Amino acid sequence: MKLKIYPSELFGKVAAPPSKSMTQRAIAAGMLAEGLTRIINPSACNDSLASLQIASDLGAYTEMKSP
């Protein structure tokens, strides 16, 4: 079997899946920061949701919105 591959150009956008560890770090950083912290495209895994619950238990106001 012979196979030929020719170069081509690709166009478009790819959305990378959110990172669990980066989401947890952003939640921790938000707890240390003054004012509002907005995390865009967070991971919604159980570990990240637990981190968000911990932040809430420590007194932070948290709100999660769907896209």
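## Exposure of L32 and the nonpolar patch

In this predicted model, L32 has a relative accessibility of 77% and therefore counts as exposed, the cut-off for that class being over 50%. The residue belongs to helix α1, which covers residues 20–32.

L32 also contributes to a nonpolar patch on the surface, together with M31, I54 and L58. The area of this patch is about 460 Å².

## Helix α2

Helix α2 comprises 12 residues, 46–57. From its first C-alpha to its last it reaches 16 Å, close to the 16 Å expected at 1.5 Å a residue.

Three residues of α2, namely S48, S51 and A55, are buried. Viewed down the helix axis, the buried residues of α2 fall within an arc of 55 degrees, so they line one face of the helix. In general, an α-helix has 3.6 residues a turn, so residues three or four places apart point the same way.

Helix α1 is included in what covers the buried residues of α2. On the face of α2 turned away from the buried side lie the exposed residues N46 and D57.

## Glycines outside the helices

The loop between α1 and α2 contains G35. With a relative accessible area of 67%, G35 is exposed. Between G35 and M64 the separation is 29 residues in sequence and 17 Å in space, taken from C-alpha to C-alpha.

A further glycine, G59, is located just after α2 and takes a positive phi of about 110 degrees.

Technical notes. Residues are numbered from 1 along each chain as its sequence is written. This is a predicted model: local features need pLDDT of at least 70, side-chain atom pairs count only at pLDDT 80 or more; totals for chains, interfaces and linings use all residues. Side-chain values use heavy atoms; hydrogens and water are left out. Patches are made of residues with over 30% relative accessible area and no salt bridge: like charges are joined within 9 Å, nonpolar side chains (Val, Leu, Ile, Met, Phe, Trp, Tyr) within 5 Å. Accessible areas come from the Shrake-Rupley method with a 1.4 Å probe; for residues, only the protein chains shown count as cover. A salt bridge is a side-chain nitrogen of Lys or Arg within 4 Å of a carboxyl oxygen of Asp or Glu. Helices (H or I, at least four residues) and strands (E, at least two) are DSSP runs, numbered from the N terminus. Buried means under 20% relative accessible area, exposed over 50%, partly exposed in between (1.4 Å probe, protein chains only). The expected span of a helix is 1.5 Å times one less than its number of residues. The arc is that of the directions from the helix axis to the C-beta atoms. Contact means heavy atoms within 4.5 Å.
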